[in-house]
Amino acid sequence: MASTALLVVVFVFDLIAFALAVAAEQRRSSAKIQTLANSSYCVYDSDIATGLGVGSFLFLLASQVLIMGVSRCLCCGKALRPSGSRSWAIMLFITCWVFFLIAEACLLAGSVRNAYHTKYRTVFTNEKLSCETLRKGIFGAGAAFVVFTGIFSELYYVSYSRANELETPYSRETGVRMQNL
């Protein structure tokens, strides 16, 4: 039977990761061009979105490690019994990992890109200064994939647990005995 305590802990971790990703999207850094005398430079506001993105990254990673550790990542441990639950577990395992990798890539790329600030100035030139910032929606996409990862990882764990608990249809020994009867 699937552990309810584990499902609750994973749900809470995924919920925290989602909230941090949404907060990071709302608090992305923005820049303004500041002009003093003969030079211009970029002034960036708060850099809190980077920390929120990394926090979301870590909570989602902890959730995935917890689910995969308990289920032995589907590849280690005893084989699952043939059933519909095993088929669902395999399909959900693959889907869960795809969504997890996309979510982690969005969160990590968003955090790195948000932390990047241009450091150049223009002095005595007529060039337009470009203050690069993170595009809108990177952390939002990460948050959406955090939700998908949470749903599919919990469904995977429940299917894995069902496939792991099924009784074999033939419970007698099937080997050939090599001793006297």
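In this predicted model, the disulfide count comes to zero. As for the cysteines themselves, C96 sits at 0% relative accessibility and so counts as buried. C106 comes out at 18%, which also falls under the 20% cut-off, so this residue is buried too.

Aromatic rings give a fuller tally, with eight pairs in total. Take W97 and F100: their ring centres are 5.3 Å apart and the planes meet at 85°, so this pair is edge-to-face. Both residues belong to helix α3 (residues 84–115), where they are spaced three residues apart, or about one turn of the helix. Their surroundings are not alike, though: W97 is partly exposed at 26% relative accessibility, whereas F100 is buried at 5%.

Another pair, F99 with F145, has ring centres 5.7 Å apart and planes at 50°, so it is tilted. This one bridges distant parts of the chain, as F99 is in helix α3 and F145 in helix α4, 46 residues away. F99 has a relative accessibility of 19% and so just makes it into the buried class, which ends at 20%. Ring pairs also tie F99 and F145 together with F148 and F152 as a cluster.

Helix α4 (residues 138–165) also packs against helix α1 (residues 4–26), with the axes 8 Å apart and an angle of about 170° between them. The two helices are therefore roughly antiparallel. On the α1 side, the contact includes L6, L7, V10, F11 and D14, while α4 contributes residues including I138, F139, G140, A143 and V146. Sorted by class, this contact holds 16 nonpolar residues, along with three polar and three charged ones.

Definitions and conventions: Residues are numbered from 1 along each chain as its sequence is written. This is a predicted model: local features need pLDDT of at least 70, side-chain atom pairs count only at pLDDT 80 or more; totals for chains, interfaces and linings use all residues. Side-chain values use heavy atoms; hydrogens and water are left out. Axes are lines fitted to C-alpha atoms, for helices over the stretch in contact, and angles run from 0 to 180 degrees between N-to-C directions. Helices (H or I, at least four residues) and strands (E, at least two) are DSSP runs, numbered from the N terminus. Angles under 35 degrees count as roughly parallel, over 145 as roughly antiparallel, 65 to 115 as roughly perpendicular and the rest as oblique. Contact means heavy atoms within 4.5 Å. Ala, Val, Leu, Ile, Met, Phe, Trp, Tyr, Cys and Pro count as nonpolar, Asp, Glu, Lys and Arg as charged, and the others, Gly among them, as polar. A disulfide is a pair of cysteine sulfur atoms within 2.5 Å. Buried means under 20% relative accessible area, exposed over 50%, partly exposed in between (1.4 Å probe, protein chains only). Rings of Phe, Tyr and Trp (its six-membered ring) pair if their centres lie within 6.5 Å; planes under 30 degrees apart count as stacked, over 60 as edge-to-face and the rest as tilted.
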